[in-house]
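User: Please take a close look at one part of this protein for me. I would like to know how its interior is put together, and then how the charged side chains and the outlying parts compare.

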Amino acid sequence: MNIILLGPPGTGKGTMAKEIAQQYKLPHISTGDMFREHLKKETALGKQAKTFMDSGKLVPDEITISMLKDRIKQKDCKKGFVLDGFPRTIPQADALSKSTITIDHVLNFTAPEKIILQRIGGRLTCRTCGMMFHEFNIPPKVSGKCDKEGGELYKRDDQKPEVVKQRLATYKKETAPLIEYYKKKSLLQDIDASGSPEEIFEQIRSILD
Ligand code: ADP
């Protein structure tokens, strides 16, 4: 089963992608996480991506598409995958549809902008394992420390207010057209992402089962 999660930042795609991956035994492929991994390792690709990411812009299609294609060629993707954060532009979606991969579901996460801004503003990420928390909604057991292995929690640069606004603008301009794109292919299903993680996952389960 090949699944795409679509929607603006702050709608909980990452959290749900992890949950789907676990329950349905599929690899979770997040292009954002892949870029952050490159940044951490200071690879050439990481250096190229950094300026775009820090300003809330998209990394150019050419770089992103080739990175993603390499990833889904790997063995663990044979039974399917959950794509989180890809495609984010029409050329990226075209690249997928021209490949031999068939997409089974496109889940379109929606939530009011007010909720989105609140969610992103409070996000905390673990420096060691990437796990996410929220100052108010999902606080860690010990302040400033990850529940898993106690890694340091920090606010990502791209989660600061000016950059969040830019990311939402980028979403509207570049990614929102994919809603029509996948609607036309009869693959799109809306997910109301304004509720609790449990409520959101129930909607997803009823679609995937
Ligand atoms: P979010 O917090 O919205 O889930 P991500 O972690 O998916 O954000 O992505 C962080 C940044 O990585 C994006 O703002 C963008 O610069 C870059 N990025 C991730 N996926 C893509 C993509 N498919 N195309 C271009 N840039 C991407």
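Analyst: What follows starts with one strand, moves through the core around it, and ends with the small sheet and the charged residues. Keep in mind that this is a predicted model.

Start with strand β1, residues 2-6. Five of its five residues are buried, so the strand is largely enclosed by the rest of the structure. Both faces are covered. Asn 2, Ile 4 and Leu 6 are buried on one side. Ile 3 and Leu 5 are buried on the other. That split follows a general pattern. In a regular strand, side chains alternate between the two faces of the sheet.

β1 has pairing partners too. It runs parallel to β3, joined by four bridges. Within that pairing, Leu 5 stands opposite Asp 84 of β3. β1 also runs parallel to β4, residues 105-110, again through four bridges. There, Leu 6 has Asn 108 as its bridge partner.

Now the core. The largest nonpolar core holds 27 residues. Ile 29, Leu 83, Leu 96, Val 106 and Tyr 182 have the most contacts inside it. Two or more residues each come from β1, α2, α3, α4, β3, α5 and α8 (177-184). The largest share, five residues, is from α4. Apart from this core lies another, of 17 residues. Met 16, Ile 20, Ile 204 and Ile 207 are among its members.

Helix α4 deserves a closer look. It covers residues 61-72, 12 in total. From first C-alpha to last it reaches 16 Å, close to the 16 Å expected at 1.5 Å a residue. Its buried residues are Ile 63, Thr 64, Ile 65, Met 67, Leu 68, Arg 71 and Ile 72. The cover over them includes β2 (28-30), α2 (31-41), α3 (44-54), β3 (81-84) and α5 (90-98).

Ile 29 shows some of these contacts at the level of one residue. Leaving out residues up to four places away in sequence, it touches Leu 68, Arg 71 and Ile 72, among others. Its other contacts include Met 34, Cys 77, Phe 81, Val 82, Leu 83 and Asp 84.

Next, a charged residue that is buried. Arg 167 sits in helix α7, residues 161-175. It has no salt bridge. Asp 158 is the nearest side chain of opposite charge, 4.2 Å away. The cut-off for a salt bridge is 4 Å between a side-chain nitrogen and a carboxyl oxygen, so this pair does not count. Beyond its neighbours within four places in sequence, Arg 167 is in contact with Pro 9, Gly 56, Ile 120, Arg 123, Arg 156, Asp 158 and Gln 159.

Elsewhere, charges do pair. The count for the model comes to 12 salt bridges. Three examples follow.

In helix α2, Arg 36 and Asp 33 lie three residues apart, about one turn of the helix. Their side chains meet at 2.8 Å, N to O. Arg 36 is partly exposed at 23% relative accessibility. Asp 33 is also partly exposed, at 35%.

Helix α9, residues 197-208, has a pair with that spacing: Glu 202 and Arg 205 are three residues apart. The closest N and O atoms of this salt bridge are 3.4 Å apart. Glu 202 is partly exposed, with a relative accessible area of 46%. Arg 205 is partly exposed at 28%.

The third pair is Glu 152 and Arg 127, which meet in a salt bridge at 3.0 Å, N to O. This one links distant parts of the chain, 25 residues apart. Glu 152 is in the loop between β6 and β7, and Arg 127 is in the loop between β5 and β6. Glu 152 is partly exposed at 45%. Arg 127 is partly exposed at 44%.

Those loops lead to the small sheet. It is an open sheet of three strands, ordered β6-β5-β7, with antiparallel pairing. β6 (132-134) and β7 (153-154) stand at the edges, each with a single partner strand, so one side of each is left without a neighbour in the sheet. β5, residues 123-126, pairs with β7 over two bridges. In one of the partnerships, Cys 126 is matched with Leu 153 of β7.

Finish with Phe 136, in the loop between β6 and β7. It counts as exposed, at 65% relative accessibility. Its C-alpha is 35 Å from that of Ile 90, which is 46 residues away along the chain.

How values were computed
Residues numbered from 1 in each chain as written. Predicted model: local features only at pLDDT ≥ 70, side-chain atom pairs only at ≥ 80, totals over all residues. Heavy atoms only, no water. Expected span 1.5 Å × (residues − 1). Buried < 20%, exposed > 50% of the residue type's maximum accessible area, 1.4 Å probe, protein only. Contact = heavy atoms within 4.5 Å. Pairing = 2+ DSSP bridges. Lys, Arg positive; Asp, Glu negative; His and termini not counted. Core = buried A, V, L, I, M, F, W, Y, C linked by side-chain atoms within 4.5 Å.
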